[in-house]
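Student: Could you take a close look at one single residue in this model for me? I'd like to see how that spot sits in the chain as a whole.

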Amino acid sequence: NDMGAIDEFKLAVNSNDSLNIDTPINVPEVALKIAVDVLCGDIKITTDNKYISITDENTSVIIILLDGEFYDYKRSIPTNTNFVDVDIKNFTEALKYLKTFISEKTKAPIQWLGNELRLKTIKGMYEVSINTVNTTGEVIGFNCDYMIDGLSQFHDTASISVNKNSPM
């Protein structure tokens with residue numbers, strides 16, 4: 001009942017109990033982008049394990065499936081973790097503020113320590129307080145754009161798994 005997507009930096013998994021696929025399939029990203037651009041409203045998805053058909057009321061997009069198995073994403077998700085609960089709106093606003101000081105040349109990482117987000121650039125140090133329910137004693141560095149993109153998938157609060165030298 002899982003749908004996953006992955007690139008070099010991000011992993012997204014959506015679990016849905018109403019999704020029932022007997023045999024896992026791999027759909028090319030470009031094909032899904034075409035389907036999203038062309039189709040609208042309610043869609044129906046069917047597959048014969050060689051092709052997938054995504055259809056709306058007027059149009060069908062037929063896509064050849066990729067061979068092989070999808071990346072075993074469960075191995076990439078840390079099991080022994082510290083969780084920090086964050087307010088999504090507050091965290092995102094703080095990141096967007098700090099992002100204004102990041103230049104395209106340096107791509108400086110955001111540092112996260114407790115209830116503070118910090119950005120050190122050649123022009124100075126910028127800090128923002130964030131709302132967290134609990135904290136971790138470790139300093140975590142991350143790419144601002146990827147964190148904003150990840151947080152955009154959630155509402156209200158999120159529990160972020162934080163471990164040094166491990167995926168977040």
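Tutor: Let's settle one term before zooming in: a residue is called buried when its relative accessible area is under 20%, and exposed when that area is over 50%. By that cut-off, 27% of the 168 residues in the protein chain are buried. Keep in mind that this is a predicted model.

Now the residue: let's pick Ser 53, which sits in strand β4, spanning residues 51–55. Its relative accessibility comes out at 16%, so Ser 53 counts as buried. Its side chain makes a polar contact of 3.2 Å with the side chain of Thr 55. If you skip the neighbours within four places in sequence, Ser 53 touches Lys 44, Ile 45 and Thr 46, and also Ser 60, Val 61 and Ile 62.

Zooming out, strand β4 belongs to a chain with 3 helices and 11 strands. Read from the N terminus, their order is β-β-α-β-β-β-β-α-β-β-β-β-α-β. The protein chain has a radius of gyration of 20 Å, well over the 15 Å from the globule rule for 168 residues, so it is more spread out than a compact globule. Its C-alpha trace spans about 55 × 35 × 30 Å along the principal axes.

As for contacts across the chain, take the pairs at least 6 apart in sequence: 54% of those join residues at least 24 apart. On the surface side, the chain exposes about 12000 Å², with carbon and sulfur atoms supplying 50% of it. And for the electrostatics, there are 15 positive and 24 negative charges, whose mean positions are 10 Å apart.

Technical notes. Residues numbered from 1 in each chain as written. Predicted model: local features only at pLDDT ≥ 70, side-chain atom pairs only at ≥ 80, totals over all residues. Heavy atoms only, no water. Helix = DSSP H or I, 4+ residues; strand = E, 2+ residues; numbered from the N terminus. Rg over C-alpha atoms; globule rule 2.2 N^0.38 Å. Buried < 20%, exposed > 50% of the residue type's maximum accessible area, 1.4 Å probe, protein only. Contact = heavy atoms within 4.5 Å. Areas by Shrake-Rupley, 256 points an atom, 1.4 Å probe, with all protein chains shown as cover. Lys, Arg positive; Asp, Glu negative; His and termini not counted. Charge placed at Lys NZ, Arg CZ, Asp CG, Glu CD. Polar contact = N/O pair within 3.5 Å; in protein donor to acceptor, adjacent residues only side chain to side chain.
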